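Let's take a walk through this fold together, strand by strand and helix by helix. Have the model open and follow along.

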Amino acid sequence: MKNILLVIDVQNGFINSSTENTKNEIVDLLKSKIFDIIIATKFINNNGSNFEKILKWNKLKDKKEQQIDNNVENYIDYIIEKEGYSAYTNELKNILKRVNGDKLPSKLYLVGFDTDGCVLATAIDLFEAGIKPIILEKYCSSTGGEEYNKAGIRVLKRVVGEYNIVLEKNITKEFIEKIE
């Protein structure tokens, strides 16, 4: 089975003082070439979206903000665009099947932004689809700061299982291959 990493929303518009260090850690993880396939998501906030209408949030509307960080993009095999919190879209399902021998993988590794939003929603959707979400905690953060990151991790431990949250910072190929 291939080890697949999903890099969630590491885009210019989400990089701030709370996420910059995590972005750098993700780049280092990608440089290690531990994963066989790397899929990145790109959040697009279209006009009239619920983010705009309900939350009055108007970021990630222009191409510069939507751009995946250049240092991250160099390592990406596939990019999927999404308009909501979850990355578990039909496009992602199709890519997962394509790279995994026409079937969905049993597990998927997750890193990125925001732990309390898109990472959380994606992990729940994967869990409900029967795919074990393995969250690499040290490679996740929230644009809202550490309080929101910790809240997201706390909820993830409850809803997808504490054993699916990996605290290890020095991830190796041998380490990830031992994860059931």
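## A covered strand and its surroundings

Start with β4, where both faces are covered: K107, Y109, V111 and F113 on one side are buried, and so are L108, L110 and G112 on the other. Counting along the strand, which spans residues 107-113, 7 of its 7 residues are buried. As a reminder of how to read those two sets, side chains in a regular strand alternate between the two faces of the sheet. Keep in mind throughout that this is a predicted model.

Now zoom out to the sheet. It is an open one, built from 6 strands in the order β3-β2-β1-β4-β5-β6, with parallel pairing. β3 and β6 stand at the edges with a single partner strand each, so one side of each has no neighbour in the sheet.

With that order in mind, you can step across the sheet residue by residue. β1 pairs with β2 (residues 37-43) in the parallel sense over 4 bridges, and there the bridge partner of L5 is I38 in β2. On the β4 side, β1 again pairs in the parallel sense over 4 bridges, with Y109 as the partner of L5 in β4. Carry on from Y109 and you reach I134, its bridge partner in β5. The β4 and β5 pairing is parallel too and runs over 6 bridges; K107 opposite K132 is another place to find it. Finally, 2 bridges join β5 to β6 (residues 165-166), again running parallel, and I135 stands opposite I165 there.

How does the chain get from β5 to β6? It crosses through α7, and this β-α-β crossover is right-handed. There's a companion unit next door: β4, α6 and β5 also make a right-handed β-α-β unit. As for β5 itself (residues 132-141), 8 of its 10 residues are buried, so the strand is largely enclosed by the rest of the structure.

Next, look at the helices that lie against the sheet. α1 (residues 20-31) lies across β1, β2, β4 and β5, and runs at about 125° to β5. α6 packs on the sheet as well, touching β1, β3, β4 and β5, and its direction makes about 170° with that of β4.

α6 deserves a longer stop. Its buried residues are T115, G117, C118, V119, L120, A121, T122, A123 and L126. What covers them? The cover includes β1, β3, β4, β5 and α7. Once the helix is done, G130 follows, with a positive phi near 90°.

The α7 part of that cover is worth a closer look. α6 (residues 115-128) and α7 (residues 146-161) pack at an angle of about 10°, their axes 9 Å apart. The two helices are therefore roughly parallel to each other. From α6, the contact uses T115, D116, V119, L120, A123, I124 and F127; from α7, Y148, N149, G152, I153, V155, L156, V159 and V160. Sorted by class, that contact has 11 nonpolar, 3 polar and 1 charged residues. If you're wondering about the spacing of those positions, an α-helix has 3.6 residues a turn, so residues three or four places apart point the same way.

Now for a residue in another helix: L92, which is found in α5. Is L92 buried or exposed? Its relative accessibility is 0%, so L92 counts as buried. Leaving aside residues up to four places away in sequence, L92 touches L6, I39, I80 and A87. If you want a distance to check, the C-alpha atoms of L92 and Y78 are separated by 9.2 Å, with the two positions 14 residues apart along the chain counted as their spacing.

Finish with two loop residues that have positive phi values. K56, which is not a glycine, has a phi of about 55°, and sits in the loop between α2 (50-53) and α3 (63-66). With 64% relative accessibility, K56 counts as exposed. D102 is not a glycine either, and its positive phi is about 70°; look for D102 in the loop between α5 (90-99) and β4. At 66% relative accessibility, D102 also counts as exposed.

How values were computed. Residues are numbered from 1 along each chain as its sequence is written. This is a predicted model: local features need pLDDT of at least 70, side-chain atom pairs count only at pLDDT 80 or more; totals for chains, interfaces and linings use all residues. Side-chain values use heavy atoms; hydrogens and water are left out. Axes are lines fitted to C-alpha atoms, for helices over the stretch in contact, and angles run from 0 to 180 degrees between N-to-C directions. Angles under 35 degrees count as roughly parallel, over 145 as roughly antiparallel, 65 to 115 as roughly perpendicular and the rest as oblique. Contact means heavy atoms within 4.5 Å. Ala, Val, Leu, Ile, Met, Phe, Trp, Tyr, Cys and Pro count as nonpolar, Asp, Glu, Lys and Arg as charged, and the others, Gly among them, as polar. Buried means under 20% relative accessible area, exposed over 50%, partly exposed in between (1.4 Å probe, protein chains only). Two strands pair if DSSP finds at least two bridges between them. A crossover is right-handed if, with the strands pointing away from the viewer, the path from the first strand over the helix to the second runs clockwise.
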